[in-house]
Amino acid sequence: MMTAVLKHLLIVYHSLTGGTRQMAQAAARGAAREPTVTVTLATAAETDAEAMLKADGYLFACPENLAAMSGQMKDFFDRTYYPVLDRIQGRPYATLICAGSDGTNAVRQIERIATGWRLKAIADPIIVCTHAQTPEAILRPKIIDATELARCEELGATIAAGLDLGIF
């Protein structure tokens, strides 16, 4: 009898007001449906290059702040970029962005980093727009709509199934 080889999905996120955390947790729930894939849900601050090297695929999730990825997410990429360069190429990734209006600049920044690592995007980025435009709305704790969370959950399930089947 052949034993299945476990694959590992690393979900790295940063969240200040809870929106991105909800999205990352939904993706983790979806990925956890795949019994041969272990899922690590970790904050950007606690994730290091060793965690990146141990993973077979990645899901990066962050808010867009001032038309850019959040500072904590940028710090994560700064700390891990060179230690894993030329060691993770070809691995799959996907992106989740929680934005007040647009989100595309954060996506573009993550895509550039992933291109440098030569990662393979497995889906279009999911951008959830909260329409928070005032200081009070921007800083208020977020509650992400169930429909949007279902999209995040499906993305998690998709990347985990692809890892399991060896598609990615």
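Which helices and strands each supply at least two residues of the lining of the largest pocket? Some notes on that and on the cores, bearing in mind that this is a predicted model.

1. On the opening question, the elements are α1 (19-31), β3 (57-65), β5 (92-99) and α5 (135-139). Of these, β3 makes the largest contribution to the lining, at 3 residues.

2. As for the pocket itself, we're looking at about 400 Å³ of space. It has 21 lining residues, and if you want to find its centre, go to Glu 64, Asn 65, Ala 99, Gly 100 and Ile 138, which are the closest to it.

3. The chemistry of that lining is mixed: 10 residues are polar, 9 nonpolar and 2 charged.

4. Now the inside. The largest nonpolar core counts 27 residues, and Met 52, Tyr 58, Phe 60, Met 73, Phe 77 and Trp 117 have the most contacts within it. Two or more residues apiece come from β1 (7-13), α2 (49-54), β3, α3 (71-84), β5 and α4 (104-117). The top contributor is α4, which puts in 6 residues.

5. Phe 77 is a good place to start looking around. Setting aside neighbours within four places in sequence, Phe 77 is in contact with Phe 60, Met 69, Ile 110, Ile 113 and Trp 117. Two of these partners, Phe 60 and Trp 117, are also on the list of residues with the most contacts in the core.

6. Don't stop at one core, though. There's a second, separate one of 25 residues, and its members include Ile 11, Ala 94, Leu 96 and Leu 155. In soluble globular proteins, nonpolar side chains do tend to be buried together.

How values were computed. Residues are numbered from 1 along each chain as its sequence is written. This is a predicted model: local features need pLDDT of at least 70, side-chain atom pairs count only at pLDDT 80 or more; totals for chains, interfaces and linings use all residues. Side-chain values use heavy atoms; hydrogens and water are left out. On a 1 Å grid over the protein atoms alone, a cavity is a set of points where a 1.4 Å probe fits but cannot get out, and a pocket is an open set with protein on both sides within 12 Å along at least five of seven lines; lining residues have an atom within 4 Å of a point. Grid points are joined across faces, edges and corners, and a volume is the space filled by probe spheres set on the points. Helices (H or I, at least four residues) and strands (E, at least two) are DSSP runs, numbered from the N terminus. Ala, Val, Leu, Ile, Met, Phe, Trp, Tyr, Cys and Pro count as nonpolar, Asp, Glu, Lys and Arg as charged, and the others, Gly among them, as polar. A nonpolar core is a set of buried Ala, Val, Leu, Ile, Met, Phe, Trp, Tyr and Cys residues joined through side-chain atoms within 4.5 Å. Buried means under 20% relative accessible area, exposed over 50%, partly exposed in between (1.4 Å probe, protein chains only). Contact means heavy atoms within 4.5 Å.
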